[in-house]
Amino acid sequence: VLITDLTIDTGVQELLGKAEQENIETAFQRAKEQEPHCKFGLTGVCCRRCLQGPCKVTFNGNKGIKRGVCGATADQIVARNLLSLIVEGTTPHVEHAREILHTLLETAEGKAPYEIKGKDKLISIGKKLGLTVDGVELDKLAHEVALIALQDFQQQSGVSHWLRLRAQDKSIETWEKLNILPSNAHLEIANAINKTAMGCESDPVSLLLGIMKMGLVEGYDGLHLSTDLQDILFGTPRLVKTQYRMGVIKEDYVNIAVHGHIPMVSEKVLEWSRKLNDEAKALGAKGINIVGICCSANELLMRQGVSVATNYASQELAIITGALEAMVVDAQCIMPGLAQVAECYHTELISTLPNIKIEGASHVDWTPEEADKMGEEIVRRALAHYPERDQAKVQIPEGTVEAYAGFSVEQIVELLAALNGADPLLPLIEAIAKGDILGVVAIVGCTNPKVKQDLANTEVAKELMRNNVLIVATGCSAHSLGKNGLLSPAGLEYCGEKLANVLTAIGQANGLPALPPALHMGSCVDNSRIDDLLVALANRLGVGVRELPVAGSSPENHSPKALSIGTFFIAQGVDVHIGVNAPITGSPLVEQALTANKGEFPVTTDELFGGKLIYEADPIQAAQTMIARIIQKRKALGL
Ligand code: BF8
Ligand code: SF4
């Protein structure tokens with residue numbers, strides 16, 4: 001396999017060459033070793049739910065065994081497996097939300113060394129929750145907000161507070177009729193695991209409704225709760241400028257990469273790197289340089305303008321530069337293979353969460369109370385490793401790309417207010433109505449070593465931009481766009497003329513050359529921001545979210561989190577494209593229900609919610625399918 005077939009990132013290509021010379025294995029080779037993949041697994045019909053199995057039943061079109069030992073059919077097995085996968089996508093985000101919630105509680109109680117930096121967000125959420133905010137001390141208000149959030153993990157009946165806080169009334173009506181309103185995230189997760197357990201639920205329709213309910217748990221007590229509480233603690237993101245690609249790792253600095261998702265960890269590492277910067281100078285370095293990987297990168301980029309080294313598939317390659325003194329990880333999307341790579345260099349791989357340990361890594365415990373101790377210890381360890389760096393092994397691919405980020409809904413509204421202070425959303429709505437903006441598509445999710453890194457993410461985006469579709473982006477997909485110049489005004493060259501004019505007008509009204517063609521809205525939990533934007537637009541128009549000319553796309557999905565986020569958006573009535581391996585094709589019923597492709601199965605998510613799954617590996621075709629749907633939704637609105 002040619003290295004150039006694995007990624008379009010030239011820096012990663014260079015480092016893959018270095019890895020080959022040094023005989024270091026990475027995920028890119030291991031992905032090839034796994035080919036060809038087992039078709040039973042790929043199509044979702046392998047069941048390992050009990051010890052009578054594993055059972056595999058016939059996948060689409062073939063003749064063979066129709067039922068597992070217990071009598072389970074392909075429809076039942078696929079639906080159960082999918083629910084199980086969606087639970088595995090949702091749970092890390094719900095845990096993420098719970099961790100930030102406890103940090104906020106302890107901060108409000110004066111027990112944790114964080115401050116409440118997002119005063120405006122706290123007050124606006126306090127008001128929406130019906131709390132008295134006038135004259136109330138911030139700590140007290142934060143405490144009350146956190147206690148309400150805690151009920152979303154404890155109450156035995158009633159509806160999730162964060163769903164009531166953030167969802168459109170019209171959507172709530174739809175979900176209520178289908179009896180899928182969640183109450184408590186932990187209860188719903190336990191309930192879903194119970195459904196999928198051997199000998200429990202086997203009605204595929206009920207399992208599918210369980211999947212949609214889990215999508216709502218993901219959306220409100222995963223994504224929204226995480227973003228809201230993080231904004232309260234760390235502030236709401238504002239426009240920032242930054243740099244992308246491996247070249248952000250600097251040879252003459254002490255380099256620390258933060259990787260994972262939890263900003264309570266990465267923010268503290270950044271804070272202590274600033275405090276101890278002079279100690280790096282005493283060692284002969286120019287200072288301490290923090291770079292980001294995956295969604296820790298997004299969190300620090302959005303609020304602090306920290307630069308981004310790389311995204312998911314190439315995380316190991318950052319170590320192969322030979323210039324990282326430490327890589328700090330917390331949770332989610334951390335490849336176990338990192339430890340093996342770190343062993344070949346002076347880099348210390350440090351895990352931080354008390355219940356997420358990594359084999360071969362050292363560990364410095366993060367707890368809300370001990371956060372400062374953790375930050376200082378990690379930075380001191382990195383400083384101590386700097387003299388151990390082997391210069392002969394250092395090779396940092398040259399070049400960085402400029403990018404803008406920090407597009408919270410609050411920031412977008414403020415930029416639009418430069419055009420219309422009294423009704424900021426109006427200029428956007430008018431541009432959509434006139435067709436200057438055909439629609440909005442969110443490019444979200446991952447990279448996946450199974451497919452060429454960054455290719456589909458950027459190709460889907462470019463095809464949409466050419467057709468005057470405005471792009472918003474999060475997660476590792478946003479990094480793909482950033483590395484390739486699509487988060488910078490320079491990316492306007494890929495846009496249709498009408499879209500380019502709109503972005504230039506908004507940019508210039510704000511003293512910028514133009515807005516970039518893709519607006520970076522944050523980490524994967526910040527898909528909540530995209531939802532907030534849709535709800536704001538729909539409310540302003542007096543329509544349901546399901547009627548908006550919008551779609552979501554995860555062209556290089558690898559994580560079950562991409563599927564649970566996608567499920568949330570389908571429940572909102574938004575079509576969601578995924579490009580890699582939807583493990584549903586073994587069941588005609590599940591496939592038809594989700595994709596609304598022709599078949600005998602009468603009930604589809606499209607009919608019930610207004611959104612469906614688009615499973616398409618070809619990026620241009622995927623973009624065209626989304627455009628066709630956007631045009632259909634425009635027509636229904638009379639546009
Ligand atoms: O939560 S985009 S590869 S890092 S799962 Fe993972 Fe996918 Fe990246 Fe962020 Ni999201
Ligand atoms: Fe086989 Fe049924 Fe057990 Fe699944 S639950 S492994 S189909 S016997």
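Me: What makes the site of the nickel atom of ligand 1 irregular?

Reply: Its four donor atoms span angles of 90 to 158°. Four donors count as tetrahedral if all angles lie between 85 and 135 degrees; four are square planar and six octahedral if opposite donors are over 155 degrees apart and all others between 65 and 115; anything else is irregular. The 158° end breaks the tetrahedral limit, so that label is out. The site is put down as irregular, so it doesn't pass as square planar either.

Me: Before going on, what kind of model is this?

Reply: This is a predicted model: local features need pLDDT of at least 70 and side-chain atom pairs count only at pLDDT 80 or more, while totals for chains, interfaces and linings use all residues. Residues are numbered from 1 along each chain as its sequence is written, chains are lettered from A and ligands numbered from 1 in the order in which they are written, and side-chain values use heavy atoms, with hydrogens and water left out.

Me: Why is Cys524 called a donor of the nickel atom?

Reply: Its SG is at 2.2 Å. Donors are N, O and S atoms within 2.8 Å of the metal (3.2 Å for Na, K and Ca), and sites may look incomplete because water is not among the atoms. So Cys524 qualifies, and it is the only protein donor there. It sits in the loop between β13 (518-522) and α22 (527-541), where helices (H or I, at least four residues) and strands (E, at least two) are DSSP runs, numbered from the N terminus.

Me: What makes His261 a polar contact of ligand 1?

Reply: A polar side-chain atom of His261 is 2.7 Å from an oxygen atom of ligand 1. A polar contact is a pair of N or O atoms within 3.5 Å (within protein, one must be able to donate a hydrogen and the other to accept it, and sequence neighbours count only through two side-chain atoms). So His261 makes the cut. Lys561 does too, because an N or O atom of its side chain is 3.1 Å from a ligand 1 oxygen.

Me: How do you know that Cys38 is in no disulfide?

Reply: The rule asks for a pair of cysteine sulfur atoms within 2.5 Å, and by it the count is zero disulfides. For Cys38, the nearest cysteine sulfur belongs to Cys46 and is 6.4 Å away, so there is no disulfide.

Me: Why does Cys38 count as partly exposed?

Reply: Buried means under 20% relative accessible area, exposed over 50%, partly exposed in between (1.4 Å probe, protein chains only). Cys38 has 46%, so it falls in the middle class. Cys70, one of the residues around ligand 2, lands there as well with 43%.

Me: And how do Asn23 and Val580 come out, buried or exposed?

Reply: Asn23 has 71%, so it is exposed. Val580 has 6%, so it is buried. Asn23 lies in the loop between α1 (10-21) and α2 and has a positive phi of about 60° without being a glycine. Val580 is in the loop between β15 (575-578) and α24 (588-595).

Me: What is phi for Cys333?

Reply: Near 65°, a positive value in a residue other than glycine. Cys333 is in the loop between β7 (326-329) and α15 (337-342).

Conventions: Near = heavy atom within 4 Å.
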